[in-house]
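Student: I have a model open and would like to talk it through with you. Can we start with a single residue and work outwards?

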Amino acid sequence: MAVSVQTTPTFSAGNPTKLFEGQWFRGQSGRIYDVARDGRFLMIKDAATNEQGSPAASMTVVVNWVEELKQKLPR
């Protein structure tokens, strides 16, 4: 939610408005988003669901990444 705020001559807050629609990841504790210097938000979208409504399982495993990194770095 976002609210416009005025501080002078006295404090007043406007009406809240919803910033985002959709299903977003909700962690157990701590902040689950970040805000870039230019005002963009970084958030994790909930996993896609299959036809039965269960989360779709997916995992990416990267092996030998250190060797690939060594090849790409300047000597």
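Student: Is Val 35 buried or exposed, or something in between?

Tutor: Bearing in mind that this is a predicted model, Val 35 counts as partly exposed, because its relative accessibility is 39%, and buried would require a value under 20% while exposed would require one over 50%.

Student: Where does Val 35 sit in the fold?

Tutor: Val 35 belongs to strand E3, which covers residues 33-35, and the chain has 4 strands and 1 helix, arranged from the N terminus as β-β-β-β-α.

Student: Which surface patch is Val 35 part of?

Tutor: Val 35 is a member of a nonpolar patch on the surface that also takes in Leu 19, Phe 20, Phe 25, Ile 32, Tyr 33, Phe 41 and Ile 44, and together these residues offer about 690 Å² of accessible area.

Student: What share of the chain is buried, then?

Tutor: Buried residues come to 0% of the 75 residues in the protein chain.

Student: New topic: pockets. How much space lies in the largest one?

Tutor: The largest pocket holds about 350 Å³ of space, and it is lined by 14 residues, of which Met 1, Phe 20, Trp 24, Arg 26 and Met 43 are the closest to its centre.

Student: What is the character of that lining?

Tutor: The lining of the largest pocket divides into 10 nonpolar residues, 3 charged ones and 1 polar one; Phe 20, which is among the residues closest to the centre, is also listed in the nonpolar surface patch.

Student: And charges, how many salt bridges are there?

Tutor: The structure holds 4 salt bridges, and one of them joins Glu 21 to Lys 18, with the closest N and O atoms 3.9 Å apart. Glu 21 counts as exposed because its relative accessibility is 62%, and Lys 18 is exposed as well, with a relative accessible area of 54%.

Student: What about Lys 70 and Glu 67, how are they placed in the helix?

Tutor: Lys 70 and Glu 67 lie 3 residues apart in helix H1 (residues 65-72), so about one helical turn separates them, and they form a salt bridge whose closest N and O atoms are 3.6 Å apart. Lys 70 is partly exposed at 48% relative accessibility, and Glu 67 is partly exposed at 43%.

Student: Which residue does Lys 72 pair with?

Tutor: Lys 72 meets Glu 68 in a salt bridge of 3.2 Å, N to O, and these two are 4 residues apart in helix H1, which again means a separation of about one helical turn. Lys 72 is exposed at 63%, whereas Glu 68 is partly exposed at 41%.

Notes:
Residues numbered from 1 in each chain as written. Predicted model: local features only at pLDDT ≥ 70, side-chain atom pairs only at ≥ 80, totals over all residues. Heavy atoms only, no water. Patch = residues over 30% accessible without salt bridge, like charges linked within 9 Å, V, L, I, M, F, W, Y side chains within 5 Å. Areas by Shrake-Rupley, 256 points an atom, 1.4 Å probe, with all protein chains shown as cover. Salt bridge = Lys/Arg side-chain N within 4 Å of Asp/Glu carboxyl O. Buried < 20%, exposed > 50% of the residue type's maximum accessible area, 1.4 Å probe, protein only. 1 Å grid on protein atoms, 1.4 Å probe; cavity = no way out; pocket = protein on both sides within 12 Å on 5 of 7 lines; lining within 4 Å. Points joined across faces, edges and corners; volume = space filled by probe spheres on them. Nonpolar A, V, L, I, M, F, W, Y, C, P; charged D, E, K, R; others polar.
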